[in-house]
Amino acid sequence: MSRKDKLLARLQHRPKDFTWDELTALLNPLGYKQAKPGRTGGSRRRFVHPTAATITLHKPHPKNILKMYIIDDILEVLKQEGML
């Protein structure tokens, strides 16, 4: 089982301690690239895919743990795009 598969399985279990680093490590092999934020972008981040929907969310701070609604949103997008 690859790291991507392990992270995807972990995300589907909706853990309360899923980190930003785990999310970026999962989305990169799925073809998503993090777009560079603008000068006034603040904590908003966009993950762009050549053919799938863009994922827009706020980078968590001061802790690195994703909120449950963000995990739910990401799972919904991945399901709609047929990546789950």
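# Exercises on a predicted model

Thr24 touches Gln34 and Phe47, with residues up to four places away in sequence not counted. The structure is a predicted model, and the exercises below work through it from this residue outwards.

## Exercise 1: Thr24

Task: find which element holds Thr24, and decide whether Thr24 is buried or exposed.

Solution.
- Step 1. Thr24 lies in helix H2.
- Step 2. The relative accessible area of Thr24 is 16%.
- Step 3. Buried means under 20% relative accessible area.
- Step 4. Thr24 is therefore buried, at 16%.

## Exercise 2: The surroundings of H2

Task: state how many residues of H2 are buried, name them, and list the elements they pack against.

Solution.
- Step 1. H2 has 8 residues, and 6 of them are buried, so the helix is mostly covered.
- Step 2. The buried ones are Trp20, Glu22, Leu23, Thr24, Leu26 and Leu27.
- Step 3. Two kinds of element surround them: the buried residues of H2 pack against the helices H1 and H3 (68-80), and against the strands S1 (33-35), S2 (44-48) and S3 (55-58).

## Exercise 3: Glu22 and Asp17

Task: Glu22 is a residue of helix H2. Work out whether Glu22 is buried or exposed, then compare its contacts with those of Asp17.

Solution.
- Step 1. Glu22 has a relative accessibility of 16% and so counts as buried.
- Step 2. Apart from neighbours within four places in sequence, Glu22 is in contact with Leu7, Arg10 and Asp17.
- Step 3. Asp17 sits in the loop between H1 and H2.
- Step 4. Asp17 counts as partly exposed, because its relative accessibility is 43%.
- Step 5. With residues up to four places away left out, Asp17 touches Arg10, Glu22 and Ile65. Arg10 thus appears among the contacts of Glu22 and among those of Asp17.
- Step 6. Asp17 can also be placed relative to Met68: the two are 51 residues apart in sequence, and their C-alpha atoms are 9.4 Å apart in space.

## Exercise 4: H1 against H2

Task: describe how H1 and H2 pack, giving the angle and the distance between axes, the class of the angle, the hand of the crossing and the residues that meet.

Solution.
- Step 1. H1 covers residues 3-12 and H2 covers residues 20-27; the angle between them is about 125°, and their axes are 9 Å apart.
- Step 2. An angle over 145 degrees would count as roughly antiparallel, and 65 to 115 as roughly perpendicular. H1 and H2 are therefore oblique to each other.
- Step 3. The crossing is left-handed.
- Step 4. From H1, the residues in the contact are Arg3, Lys4, Leu7, Leu8, Arg10 and Leu11; from H2, they are Glu22, Ala25 and Leu26.
- Step 5. Sorted by class, this contact of H1 with H2 holds 5 nonpolar and 4 charged residues, and no polar ones.

## Exercise 5: H1 against H3

Task: repeat the description for H1 and H3, starting from the angle of their axes.

Solution.
- Step 1. The axes of H1 and H3 cross at roughly 120° and come within 10 Å.
- Step 2. At that angle H1 is oblique to H3.
- Step 3. This crossing is left-handed.
- Step 4. H1 contributes Leu8, Leu11 and Gln12, while H3 contributes Ile71, Ile74, Leu75 and Leu78.
- Step 5. The contact of H1 with H3 has 6 nonpolar residues, 1 polar and no charged. The contact of H1 with H2, by contrast, has 4 charged residues.

## Exercise 6: Two loop details

Task: find what is notable about phi of Arg14, and which bond joins His61 and Pro62.

Solution.
- Step 1. Arg14 lies in the loop between H1 and H2. Its phi is near 50°, a positive value in a residue other than glycine.
- Step 2. Arg14 counts as partly exposed, because its relative accessibility is 38%.
- Step 3. Pro62 lies in the loop between S3 and H3. A cis peptide bond joins His61 to Pro62, with omega about 0°.

## Exercise 7: The whole chain

Task: give the order of the elements along the chain, and check its radius of gyration against that of a compact globule.

Solution.
- Step 1. The chain has 3 helices and 3 strands, in the pattern α-α-β-β-β-α.
- Step 2. For 84 residues a compact globule would have a radius of gyration near 12 Å; the chain has 12 Å, so the two agree.
- Step 3. Along the principal axes, the C-alpha atoms fill a box of roughly 40 × 30 × 20 Å.
- Step 4. Of the 84 residues, 37% are buried.

Definitions and conventions:
Residues numbered from 1 in each chain as written. Predicted model: local features only at pLDDT ≥ 70, side-chain atom pairs only at ≥ 80, totals over all residues. Heavy atoms only, no water. Axes fitted to C-alpha atoms, helices over the stretch in contact; angles between N-to-C directions. Helix = DSSP H or I, 4+ residues; strand = E, 2+ residues; numbered from the N terminus. Parallel < 35°, antiparallel > 145°, perpendicular 65-115°, else oblique. Left-handed = near helix turned anticlockwise from the far one by under 90°. Contact = heavy atoms within 4.5 Å. Nonpolar A, V, L, I, M, F, W, Y, C, P; charged D, E, K, R; others polar. Buried < 20%, exposed > 50% of the residue type's maximum accessible area, 1.4 Å probe, protein only. Rg over C-alpha atoms; globule rule 2.2 N^0.38 Å.
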